[in-house]
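Walk through this model from the fold inward, then out to the DNA. Keep the coordinates open as you read.

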There are 2 protein chains.
Amino acid sequence: MSNTGAPLDVIAASLRRERDRAGLSLSELAKRAGIAKSTLSQLESGSGNPSVETLWALGVALGVPFSRLVDPPTPRVRVIRAGEGPSIHSERAHYAATLLASCPPGVRRDIYVLDVEPGSPRDSEPHMAGTVEHMIVSRGRVLAGPSDEPVELGPGDYLVFPGDVPHTCSALTTGTSVVLVMEHV
Amino acid sequence: MSNTGAPLDVIAASLRRERDRAGLSLSELAKRAGIAKSTLSQLESGSGNPSVETLWALGVALGVPFSRLVDPPTPRVRVIRAGEGPSIHSERAHYAATLLASCPPGVRRDIYVLDVEPGSPRDSEPHMAGTVEHMIVSRGRVLAGPSDEPVELGPGDYLVFPGDVPHTCSALTTGTSVVLVMEHV
DNA sequence: TCCCATCGTTCGTCTTGACGAACAGTCTGC
DNA sequence: GCAGACTGTTCGTCAAGACGAACGATGGGA
């Protein structure tokens, strides 16, 4: 659900931040967006509850996607060495999932590395509606995809499939490793 | 910039689609979101220019992120076999980039596979402000990151760094392959 | 120093979105 | 057949957002 904090404060901060980044004055931005600068002034001060059209016009004028204005940013350089990072192990299915990058608000794609060993498949219940999974095989071979139409993949192969239906993932060789990008829509 | 079509039409469609998916009646959703059902009715019919607070309340009541309402969805199952897919080759820097999944509107993370060979580094000019790059090494070793603080990575290593400053990527071994997720913010 | 430009703010006015009541239509069960 | 609960619609009213003018503040340039 991306953000919890009051959206108006987030918008206020986003507007000022993006305007600074673009190097535009308040007056100039208001002119480009075709809105009154008084309106923009109030928005940046946190008062006011803009309409979609107003916010849209500002997004266009700033050259920034709409959602950038309602959800804030994050990071810097970071390395997670192989084997490090928060990982979830499962004895049952012989796999380990490591979360590399969680979903910053508004981005909605989590990045995992899955280390899988042959054995019982890792069957997943459907995730939240709209979820999409992307897999890229690094090493080994896997059988993955929707439970009713799994696909066999080798190194370098890429697969995308809906994550909101039952799906499966099982290693066919030892030392199998795949990159999983989970898209939350 | 995600979407071009009139935002109000997109919102109208999104609202109805998400409400259907949630199995809620118009009246019920209006009650849960704490808005008048007349307001919701007008929004779904395409007339009306909702305020951020109104749209926010609807997003919360529907259990979907805000941006889901202003940008639409896409896909199904798809496989790109190793070596297939639209790829960009560079003789100069001995690498090939394959686009696996472009950025559906509002998602903002593109997924690539980079096949790199030792040689002159692949230096990149800064991308659009706010861009972030994620790399996961599948095979071989690479030296990558911001040009002023590159990091050496081996198989399974994960690196995230700003893409809006000059950065580099060079293979240290032959047959190097890395997964690159480019986050457009 | 004066002038002019631009900065971002604060006013009063007017348009417009949000509200709630009343509406017609459908389905269930007594 | 009719009461009841429900669907989603269309009204009139009122508060709130968007507008434009005027404001004081700041920074050059002649």
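A residue counts as buried if 20 or more other C-beta atoms lie within 10 Å of its own. The model is predicted. By that cut-off, 45% of the 185 residues of chain A are buried. Chain A holds 5 helices and 11 strands. Take its contacts with a separation of 6 or more: residues 24 or more positions apart account for 62% of them.

Start with the first helix. H1 of chain A covers residues 7-22. Its 16 residues reach 22 Å from the first C-alpha to the last, close to the 22 Å expected at 1.5 Å a residue. Which residues of H1(A) are buried? They are Pro7(A), Val10(A), Ile11(A), Ala12(A), Ser14(A), Leu15(A), Glu18(A) and Arg19(A). An α-helix has 3.6 residues a turn, so residues three or four places apart point the same way. Just after H1(A) comes Gly23(A), with a positive phi of about 70°.

Now turn to chain B. Helix H1(B) also spans residues 7-22. Its end C-alpha atoms are 22 Å apart, which agrees with the expected span because 16 residues at 1.5 Å a residue should cover 22 Å. The buried residues here are Pro7(B), Val10(B), Ile11(B), Ala12(B), Ser14(B), Leu15(B), Glu18(B) and Arg19(B). Gly23(B) follows H1(B), and its phi is positive, near 70°.

Next, the strands. In chain A, E7 (residues 142-146) pairs with E10 (residues 167-171) in the antiparallel sense, over 5 bridges. E7(A) is also joined to E8(A), residues 151-153, by 3 bridges, and these two run antiparallel. A hairpin of 4 residues connects E7(A) to E8(A). Look at Ala144(A). Its bridge partner in E10(A) is Cys169(A). In E8(A), Ala144(A) stands opposite Val151(A). In a regular strand the side chains alternate between the two faces of the sheet.

Then the cores. In soluble globular proteins, nonpolar side chains tend to be buried together. The largest nonpolar core here has 44 residues. Which members touch the most others? Met135(A), Val178(A), Met135(B) and Val178(B) do. Another core, of 38 residues, lies apart from it; Ala30(A), Ala33(A), Leu40(A) and Val52(B) are among its members. Return to Met135(B). Leaving aside neighbours within four places in sequence, Met135(B) is in contact with Ala144(B), Leu153(B), Tyr158(B), Leu159(B), Val178(B) and Leu180(B).

Finally, the DNA. Begin with strand C. It is surrounded by 20 residues, the closest being Ser25(A), Leu26(A), Ser38(A), Ile35(B) and Ser38(B). Helix H2 (26-33) and H3 of chain A, together with H3 of chain B, each supply at least two residues of this surface. Which helix gives the most to the surface near DNA strand C? H3(A) does, with 5 residues. By class, the surface near strand C has 4 nonpolar, 13 polar and 3 charged residues.

Strand D comes next. 20 residues surround DNA strand D, and the closest are Ser38(A), Asn49(A), Ser25(B), Leu26(B) and Ser38(B). The elements giving two or more residues to this surface are helix H3 (37-44) of chain A, with helices H2 (26-33) and H3 (37-44) of chain B. H3(B) gives the most to the surface near strand D, with 5 residues. By class, that surface has 4 nonpolar, 13 polar and 3 charged residues.

Notes: Residues numbered from 1 in each chain as written. Chains lettered and ligands numbered in written order. Predicted model: local features only at pLDDT ≥ 70, side-chain atom pairs only at ≥ 80, totals over all residues. Near = placed C-beta within 6 Å. Nonpolar A, V, L, I, M, F, W, Y, C, P; charged D, E, K, R; others polar. Pairing = 2+ DSSP bridges. Expected span 1.5 Å × (residues − 1). Buried ≥ 20, exposed ≤ 12 C-beta atoms within 10 Å, placed from the backbone. Core = buried A, V, L, I, M, F, W, Y, C linked by C-beta atoms within 7 Å. Contact = placed C-beta atoms within 7 Å.
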